[in-house]
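Here are my notes on the model you sent over, in the order I'd go through them. Have the structure open while you read.

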Amino acid sequence: MTPMHNIPSPTHGQPRRVAVIGAGPAGLMAAEVLAQHGATVDVYDAMPSAGRKFLLAGRGGMNITHSEPQPDFLPRYGNRREQLAPFVRRFDSERLRQWIHDLGIETFVGTSGRVFPREMKAAPLLRAWLHRLREAGVRFHTRHRWLGWDADGALRLSHPDGEIAVQADAVVLALGGASWSRLGSDGAWVPLLQDRQVEVAPLLPSNCGFELDWSEHLRERFAGEPVKPVVASVALPSGGMQNRRGEFIVTAQGIEGGLVYAMSAALREAIATEGSARLYLDLLPDWTLEKVEAELAHPRGARSMSSHLQSRLHLKGVKAGLLREIASRDDFADPARLARAIKALPLTVRRPRPIDEAISTAGGVSFEALDDALMLRALPGVFCAGEMLDWEAPTGGYLLTACFATGHAAGTGAWQWLNGEDRTAGLPAPQQEQHK
């Protein structure tokens, strides 16, 4: 196997040609940074047009970032917050909003703190961005799928008329994860990098639905029904519990929706370790356990239990259906036990839904395989950005923010490498010291 040592070392005074593979937010941001510095930039993408997943994600309202202060923002990246922090700090939500405003797109902060374009759509933003990139000289090559490198170190790219070899002074890979493969993120790049001794963590579904073994009755009666409000709790692998208030949807296969997506990492890890996960639901989060028990203890006379639950606790519909599904006959016979079930109903979660249905993916190129400018240690001159890196985050603007931020960092790092500059500039002092 030919190692990737034949990307030419940068020399001063020569034109700098950079190939960006992937026309999502991370790749386009890297292309913009490089073009602003004067590089010749070619963007290649397997899809018929740029930003396909970005556009689809924005159909329901493009949540571009979040207005949280950084002390609250950065922990959203879980066990990879330390690795992502330098990039997100340098291209944070405020800088991202200013960048959008410079495109002529207004933004606003919703009541949840999420930031949206004024028109609530991705298409106007993408159109303005692509226009600016083309004006800066960035060239786009759609329907070009990256196949790795040839024996001379050139990029192999297939297109409808055959295959081409592309020589570049530097490469930025922004190939996405493995969800929504019909939009280009299919994970086909994983073996191409593993063949070059790049460490890649397995790609796993994130912000995804999960499967449970519902009865036929519950599937037929309540599939598609929203469950709200509830507080969900799940044990964390590191100890303690993750608790979150919100809502989710019962599906024929299990559960999905914002509350479930926010807990997907903990659920997925528990399933991987134990074979299943236990998700506890507080069906009446505004009621104390004592109040629930006291209401249940009232004599119900000739009323059915369903009528009693609705009359005393206002518990009906899908919430009552879930209680019937999970609680035992003995629970219903004892007000104290039934109260505990209502306040901590244990759902046994079996498995995540298929990765292609997930909003995003976890896993990817290990940060240990990268230097602090996102260049692959095994492949000098090759940089990685976006969702193909090994991190995950909840929805709410955090996913896109990290994609933009790492794209900006990879573009900056590639330009500095091409010019022999100090690529630790702008890093926190401890990280600079590691490179001295």
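1. Start with helix 12 and what comes right after. This is a predicted model, and in it helix 12 is followed by H314, a residue with a positive phi near 55 degrees. For background, most residues other than glycine have a negative phi. The helix itself runs over residues 305–313, and its buried residues are M305, H308, L309 and L313. These cover an arc of only 100 degrees around the axis, so they sit on the same side of helix 12.

2. What does that buried side of helix 12 pack against? There are four partners: helix 11 (289–297), helix 13 (317–326), helix 14 (329–333) and helix 15 (335–343). Have a look at this part of the model with those helices coloured separately.

3. Helix 11 can be read in much the same manner. Its buried residues are V292, E295 and L296. Looking down the axis of helix 11, you find them within an arc of 100 degrees, so they line one face. Note that a glutamate, E295, is on that buried list. The face turned away from the buried side carries E290 and A297, which are exposed. The buried residues of helix 11 pack against helix 12 and helix 15.

4. How do helix 11 and helix 15 cross? Their axes come within 9 Å, at an angle of roughly 135 degrees. Helix 11 and helix 15 are therefore oblique to each other, and the crossing is right-handed. On the helix 11 side, the residues involved are L289, V292, E293, L296 and A297. They meet P335, A336, L338, A339, R340, I342 and K343 in helix 15.

5. Next, I326, which is found in helix 13. Buried or exposed, or in between? I326 has a relative accessible area of 29%, so it counts as partly exposed. Setting aside neighbours within four places in sequence, I326 is in contact with L345, P346 and L347. I326 and L347 are 21 residues apart in sequence, and their C-alpha atoms are 7.2 Å apart.

6. Now the nonpolar cores. In soluble globular proteins, nonpolar side chains tend to be buried together. Here the largest nonpolar core has 91 residues, and L193 and V365 have the most contacts inside it. Helix 16 (residues 398–418) gives the most to this core, with 13 residues. There is also a second, separate core of 45 residues, which includes W214, V234, L279 and V292. V292 is worth a second look, since this residue also turned up among the buried residues of helix 11.

7. Which residues does L193 touch, beyond those up to four places away in sequence? Two tryptophans are among them, W146 and W149. The others are L173, V198, V200, V365, L376, L379 and M388. V365 is the other residue named with L193 for having the most contacts in the largest core.

8. Two more backbone spots to check by eye. Q197 is not a glycine, yet its phi is positive, about 65 degrees. Q197 is in the loop between helix 7 (190–194) and strand 11 (200–206). Its relative accessibility is 62%, so Q197 counts as exposed. L374, also not a glycine, has a positive phi of about 70 degrees. L374 is in the loop between strand 19 (360–365) and strand 20 (382–384). With 0% relative accessibility, L374 counts as buried.

9. There is a cis peptide bond too. The bond runs from K228 to P229, with omega near -20 degrees. P229 is found in strand 13 (residues 226–235). As a reminder, most peptide bonds are trans.

10. Finally, the overall picture. The chain has 17 helices and 20 strands. Of its 436 residues, 52% are buried. The C-alpha atoms fill a box of roughly 90 × 50 × 45 Å along the principal axes. Among contacts between residues at least 6 apart in sequence, 70% join residues at least 24 apart.

Conventions: Residues are numbered from 1 along each chain as its sequence is written. This is a predicted model: local features need pLDDT of at least 70, side-chain atom pairs count only at pLDDT 80 or more; totals for chains, interfaces and linings use all residues. Side-chain values use heavy atoms; hydrogens and water are left out. A nonpolar core is a set of buried Ala, Val, Leu, Ile, Met, Phe, Trp, Tyr and Cys residues joined through side-chain atoms within 4.5 Å. Buried means under 20% relative accessible area, exposed over 50%, partly exposed in between (1.4 Å probe, protein chains only). Helices (H or I, at least four residues) and strands (E, at least two) are DSSP runs, numbered from the N terminus. Contact means heavy atoms within 4.5 Å. The arc is that of the directions from the helix axis to the C-beta atoms. Axes are lines fitted to C-alpha atoms, for helices over the stretch in contact, and angles run from 0 to 180 degrees between N-to-C directions. Angles under 35 degrees count as roughly parallel, over 145 as roughly antiparallel, 65 to 115 as roughly perpendicular and the rest as oblique. A crossing is left-handed if the near helix is turned anticlockwise from the far one by less than a right angle, and right-handed if clockwise.
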